[in-house]
Amino acid sequence: MKTKLLLINTITLFAIMNCQEKKEVSLTNKNIEEKKMETSKIKDVLIKQIKEGASPEYWGETYGKEDLDALVQIEDTILKNNGYKTPEIDVFNQKIKKIFGRIIDNQSENSYLKIDRYYKCNKDLEYYPTYMGFNYIYVAKKYNFITQFEPLPVVLDYQKIYPEVLKYEENSYMIDTADGEIEVLMWKDVNNLLQKRNFNKQRLISRNKYLFTDDKSQFPWLVTQDEFFMRSLVTDFGYTEDKKLLQWALENTHLPFFYTYAKDDDLEELGKLLWTKDCNGEIRVHQNTLDILKEMSTPDENLYIMYVAEYLTNLEHLNANKELSDAQKAKIAAHLMYWGEQYKYDKYYDYNQMFMGHFWHYMDDGTYDKEFKKNNYYGLPKFKEWYEAAKKEKDLFLDDQTIPDSPQPLDYEFKAEPIK
């Protein structure tokens, strides 16, 4: 009896193992077939792009999702071969939200989330391959990395992988409009393509490792070779969590030596570092930026303090603020004033009425004051106390005939006395 049971169990186990083996072989064959299909699609897309020129300015008319799909499959392999550890979905989604201010809908049928530098709040689109330099970043949801739309020949070493495609490149060319210059590139110009491929691959690897795996070793290459993108993280998307990146952006913002009146263009650039308007209309004033400005300032090296004061003085007139409501401007003003007013009570600075005093006497007709009260002073601990104190003080320049218009920050620095 025991012998029969043992024989039955052995036969059953063998059958199960045999089925499992067949299943594994079946899965392997399926994977092989899928890879063959993917390779075939990539080759078809590659041939189409080479024959049609793969000119970036025509992407919106000629190329679409199949081009982006092929690119992403290739780049996924490049990233994995270069040590990119794909983050978990939740971690990746949180990073996208924190860095770009966009929310990934994993239930959406769309494969990609388009992030636009200038129009950050566009809806989730399947693809939108119009050539505009960095403006469009695509979040590949399935793969958990970001990419930039590029023609396959400037990413894939197709001469080695698909030599049968070489016959299509003999008289084909690509029109490159990088840096505003029109350049005709023959596909068979291998050296030129190698240079572009190497850059595109490194950019893909460095961006994703830096942003999603916290690989800080990528920072030096990115701020020297991908400066536009790195600066946009701070100025366009309001990403201020990386202190090193934030300080680099501040130090590389064009702010000439402060005299009496700052240029609007310079102030607008500073404004991009100070606050961001999110897609829901919410204003985020960057406390991280203000904290670094304080660290970078001294009584003798006070350039940034003076520029924040000048920015506040010109808040109503800056072109960047034309689309802001009174409520939104009030929030910006409150945080900047509160930051600047600390120096009024610091004997080493002697700025006195430069911030809240000036704002109350020359800019607030009561509109902002109502917004401050309505929003409970934005939770800023001493705001109410300091602003009420500023209201009771006599204007330092009330009888000063030497000031043709409203006083500027330097006027306060020259005239103000330390508070007693």
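**Exercise 1. Asparagine 376 and asparagine 144**

Task: Is asparagine 376 buried or exposed, and at what relative accessibility?

Solution.
Step 1. Asparagine 376 has a relative accessibility of 58%. Buried means under 20% relative accessible area, exposed over 50%, and partly exposed in between, with a 1.4 Å probe and protein chains only. Asparagine 376 therefore counts as exposed.
Step 2. The structure is a predicted model, in which local features need pLDDT of at least 70, side-chain atom pairs count only at pLDDT 80 or more, and totals for chains, interfaces and linings use all residues. Residues are numbered from 1 along each chain as its sequence is written, and side-chain values use heavy atoms, with hydrogens and water left out.
Step 3. Asparagine 376 sits in the loop between helix H15 (367-374) and helix H16 (383-392). Helices (H or I, at least four residues) and strands (E, at least two) are DSSP runs, numbered from the N terminus.
Step 4. The phi of asparagine 376 is near 55°, a positive value in a residue other than glycine. Most residues other than glycine have a negative phi.
Step 5. Asparagine 144 also has a positive phi, near 60°. Asparagine 144 belongs to the loop between strand S2 (136-140) and strand S3 (145-147). With a relative accessible area of 6%, asparagine 144 is buried.

**Exercise 2. The largest cavity**

Task: Which residues line the largest cavity, and which helix gives the most to that lining?

Solution.
Step 1. Searching the whole structure gives two cavities of 30 Å³ or more. On a 1 Å grid over the protein atoms alone, a cavity is a set of points where a 1.4 Å probe fits but cannot get out, and lining residues have an atom within 4 Å of a point.
Step 2. The volume of the largest cavity is about 90 Å³. A volume is the space filled by probe spheres set on the points, which are joined across faces, edges and corners.
Step 3. The lining consists of Glu75, Ile137, Ile146, Thr147, Gln148, Glu150, Val155, Asn200, Arg203, Leu204, Arg207 and Asn208.
Step 4. S3 and helix H6 (190-212) each supply at least two residues of this lining. H6 gives the most, with five residues.
Step 5. By type, the lining divides into four nonpolar, four polar and four charged residues. Ala, Val, Leu, Ile, Met, Phe, Trp, Tyr, Cys and Pro count as nonpolar, Asp, Glu, Lys and Arg as charged, and the others, Gly among them, as polar.

**Exercise 3. Phenylalanine 383 and the core**

Task: What does phenylalanine 383 touch, not counting residues up to four places away in sequence?

Solution.
Step 1. Phenylalanine 383 is found in helix H16 and is buried, with a relative accessible area of 0%.
Step 2. Its contacts (heavy atoms within 4.5 Å) beyond four places in sequence are Ala334, Met337, Tyr338, Met356, Phe372 and Tyr377.
Step 3. Phenylalanine 383 and tyrosine 338 are 45 residues apart along the chain, and their C-alpha atoms are separated by 6.2 Å.
Step 4. The largest nonpolar core holds 109 residues, of which Phe100, Met230, Leu233, Phe372 and Phe383 touch the most other members. Such a core is a set of buried Ala, Val, Leu, Ile, Met, Phe, Trp, Tyr and Cys residues joined through side-chain atoms within 4.5 Å.

**Exercise 4. Buried polar and charged residues in loops**

Task: Where do arginine 102, serine 297 and asparagine 352 lie?

Solution.
Step 1. Arginine 102 is in the loop between helix H4 (89-100) and strand S1 (112-116). Its relative accessible area is 9%, so arginine 102 is buried. The C-alpha atoms of arginine 102 and isoleucine 115 are separated by 7.9 Å.
Step 2. Serine 297 is in the loop between helix H11 (287-295) and helix H12 (303-313). Serine 297 is buried, at 6% relative accessible area. Leaving aside neighbours within four places in sequence, serine 297 is in contact with Tyr304, Ile305 and Tyr349.
Step 3. Asparagine 352 is in the loop between helix H13 (326-341) and helix H14 (356-362). Its relative accessibility is 14%, so asparagine 352 counts as buried. With the same neighbours within four places left aside, asparagine 352 is in contact with Glu341, Lys344, Glu393, Ala416 and Glu417.

**Exercise 5. The whole chain**

Task: How many helices and strands are in the protein chain?

Solution.
Step 1. The protein chain has 17 helices and seven strands.
Step 2. Of its 420 residues, 48% are buried.

Technical notes. 1 Å grid on protein atoms, 1.4 Å probe; cavity = no way out; pocket = protein on both sides within 12 Å on 5 of 7 lines; lining within 4 Å.
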